[in-house]
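Thanks for coming. I will take a few minutes on how two chains meet, and then on what lies between them.

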Amino acid sequence: MTAEAKPTVARYTEFHPRWYRPNVSVYWWMGQRQYLKFILRELSSVFVAIFVVETLFMLSALKGGPQAYADFQNTMASSLMIALNVICFLFVLFHTITWFNLAPRAMPVRMGGKRVPEFLVAAPNYALWVVVSVFVGWLLLRTP
Amino acid sequence: MEYAAHKPSNEAGFWLLFSAGGVVAAVLIPIHLFLFGLAFPLGWLPQPSYEYLLSLARSPIAKLYLFVFCALPLFHWAHRFRFTLYDGLQVKHLNEVIFTFCYGGALLGTVLAAHLLWKI
């Protein structure tokens, strides 16, 4: 390297050591329960998305008329869709519970210098969940 | 490894969408999934009629509700799935493809939901 080619502004890279980053196996999450739980929690989002797609199909069927909606109902009653929805339901419940229980960690509440117990911070989430679920259930099950 | 200049990022916006979508998914999806995915198809509970569901879906409040119900959880998925692929599979060279797939998918679903609710 000639003297002219040297950068005029020092960039502090020349003597910087390489980061120490050991190679991690692609299967790093399989060994420990906590890691597996983390990956399953993240994957619950896939099942959330699957149900949104099902809802989009339902809206499309509603728009398509009574026959299209009857076809949609038949598809939903197939054993393949029931099996898929059982798996989806378990993952979505897992998402709900882990999400609610995360709230007190993300936002620790203090009162009178003491930390409010985690279950008291998570409790309003569960209460909201119950109220909303009962309302949606009532709206869909009432016979107008 | 170089010290790259710190660029402002859009992560905060994506994170807000992820977070809001997480709340919507946690509170709303279980009851919908239980009813439309299990209880109605299996005959545990009586199904609402086509006419009633259509009249519900046509009310403005329900349209707004259903739009939020579809859009936000899709962005929640995009965020989580993106980082699961980054970290779980360690496919750094595909980061841009993954980003486009995840947020492109979420955007597509959002547009589709808006279109369906507009025309319903």
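By contact I mean heavy atoms within 4.5 Å. Please keep in mind that this is a predicted model.

I start with one residue. Thr55(A) sits in helix H1 of chain A, residues 33-64. Leaving out residues up to four places away in sequence, Thr55(A) touches Phe69(B) and Cys70(B). Is Thr55(A) buried or exposed? The relative accessible area of Thr55(A) is 4%, and buried means under 20%, so Thr55(A) is buried.

Now the interface as a whole. On the side of chain B, 56 residues are in contact with 58 residues of chain A. The size of an interface is often given as the accessible area lost when the parts come together. Here the area buried between chain B and chain A is about 5,100 Å², and carbon and sulfur atoms give 76% of it. Which three residues of chain B supply more of the area that chain B buries against chain A than any other three? They are Leu33(B), Tyr50(B) and Arg80(B), with 14%.

Arg80(B) comes up again with the charges. The count between the two chains, B and A, is one salt bridge. Glu42(A) forms a salt bridge with Arg80(B), and the closest N and O atoms are 3.5 Å apart. As for polar contacts, twelve residue pairs are found across the interface of chain B and chain A, with both residues at pLDDT 80 or more.

On the side of chain B that touches chain A, two or more residues come from each of helix H1 (11-39), helix H2 (50-58), helix H3 (60-89) and helix H4 (95-119) of chain B. H1(B) gives the largest share, 18 residues. Sorted by class, this side of chain B has 42 nonpolar, ten polar and four charged residues.

That leads to the core. The largest nonpolar core has 64 residues, and those that touch the most other members are Leu59(A), Leu62(A), Tyr69(A), Leu140(A), Ile29(B), Leu33(B) and Phe36(B). At least two residues of this core come from each of H1, helix H2 (66-76), helix H3 (79-106) and helix H4 (118-141) of chain A, and from each of H1, H2, H3 and H4 of chain B. H1(B) gives the most to this core, 14 residues.

One of those core residues, to finish. Apart from neighbours within four places in sequence, Leu140(A) is in contact with Leu35(B), Phe36(B), Pro48(B), Tyr52(B), Leu53(B) and Leu56(B).

Methods:
Residues are numbered from 1 along each chain as its sequence is written. Chains are lettered from A and ligands numbered from 1 in the order in which they are written. This is a predicted model: local features need pLDDT of at least 70, side-chain atom pairs count only at pLDDT 80 or more; totals for chains, interfaces and linings use all residues. Side-chain values use heavy atoms; hydrogens and water are left out. Buried area is the accessible area (1.4 Å probe) that two parts lose on being put together, summed over both. A salt bridge is a side-chain nitrogen of Lys or Arg within 4 Å of a carboxyl oxygen of Asp or Glu. A polar contact is a pair of N or O atoms within 3.5 Å; within protein, one must be able to donate a hydrogen and the other to accept it, and residues adjacent in sequence count only if both atoms are side-chain atoms. Helices (H or I, at least four residues) and strands (E, at least two) are DSSP runs, numbered from the N terminus. Ala, Val, Leu, Ile, Met, Phe, Trp, Tyr, Cys and Pro count as nonpolar, Asp, Glu, Lys and Arg as charged, and the others, Gly among them, as polar. Buried means under 20% relative accessible area, exposed over 50%, partly exposed in between (1.4 Å probe, protein chains only). A nonpolar core is a set of buried Ala, Val, Leu, Ile, Met, Phe, Trp, Tyr and Cys residues joined through side-chain atoms within 4.5 Å.
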